[in-house]
Amino acid sequence: MYLDIRIVLACLLGLLTLWLAYQTFRKPVEPPSYRSVAIVVLGDIGRSPRMMYHAESFASHDFNTYIIAYKGTSTPSRFLEASFINKS
């Protein structure tokens with residue numbers, strides 16, 4: 001019924017090793033600023049000129065703008081190359 005202390009220590013050492021490996025190799029994530037907005041498009045971003053306009057409008061007011069959408073039809077290159085779009 002009682003666990004052997006060696007088994008418990010081996011499990012703890014394994015968990016510690018996994019945690020250290022995760023902390024070492026994970027990518028640092030920059031937290032969003034207080035002036036950030038996420039625009040979610042339930043479809044193709046290339047067919048959503050209104051959403052592209054909203055993104056440009058927020059960016060012109062110094063918002064950190066994130067766009068979440070499907071990439072389907074061709075999107076204007078000025079929009080894809082804009083500095084305010086956070087791609088992931």
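**Exercise 1. Find out whether Asp4 is buried, exposed or partly exposed, then work out its salt bridge.**

Step 1: Asp4 has 30% relative accessibility, so Asp4 counts as partly exposed. The cut-offs here are under 20% relative accessible area for buried, over 50% for exposed, and partly exposed in between (1.4 Å probe, protein chains only).

A quick note before going on: this is a predicted model, where local features need pLDDT of at least 70, side-chain atom pairs count only at pLDDT 80 or more, and totals for chains, interfaces and linings use all residues. Residues are numbered from 1 along each chain as its sequence is written, and side-chain values use heavy atoms, with hydrogens and water left out.

Step 2: Look for the partner. Asp4 pairs with Arg6 in a salt bridge, with the closest N and O atoms 2.8 Å apart. The term calls for a side-chain nitrogen of Lys or Arg within 4 Å of a carboxyl oxygen of Asp or Glu.

Step 3: Check Arg6. At 61% relative accessibility, Arg6 is exposed.

**Exercise 2. Track down the salt bridge of Arg47 and compare its two ends.**

Step 1: The structure holds two salt bridges. Arg47 bridges to Asp44, the closest N and O atoms being 3.8 Å apart.

Step 2: Arg47 is exposed at a relative accessible area of 65%, whereas Asp44, at 15% relative accessibility, is buried.

**Exercise 3. List the residues of the largest nonpolar core.**

Step 1: Seven residues make it up: Ile39, Val41, Ile45, Met52, Ala55, Ile67 and Phe79. Such a core is a set of buried Ala, Val, Leu, Ile, Met, Phe, Trp, Tyr and Cys residues joined through side-chain atoms within 4.5 Å.
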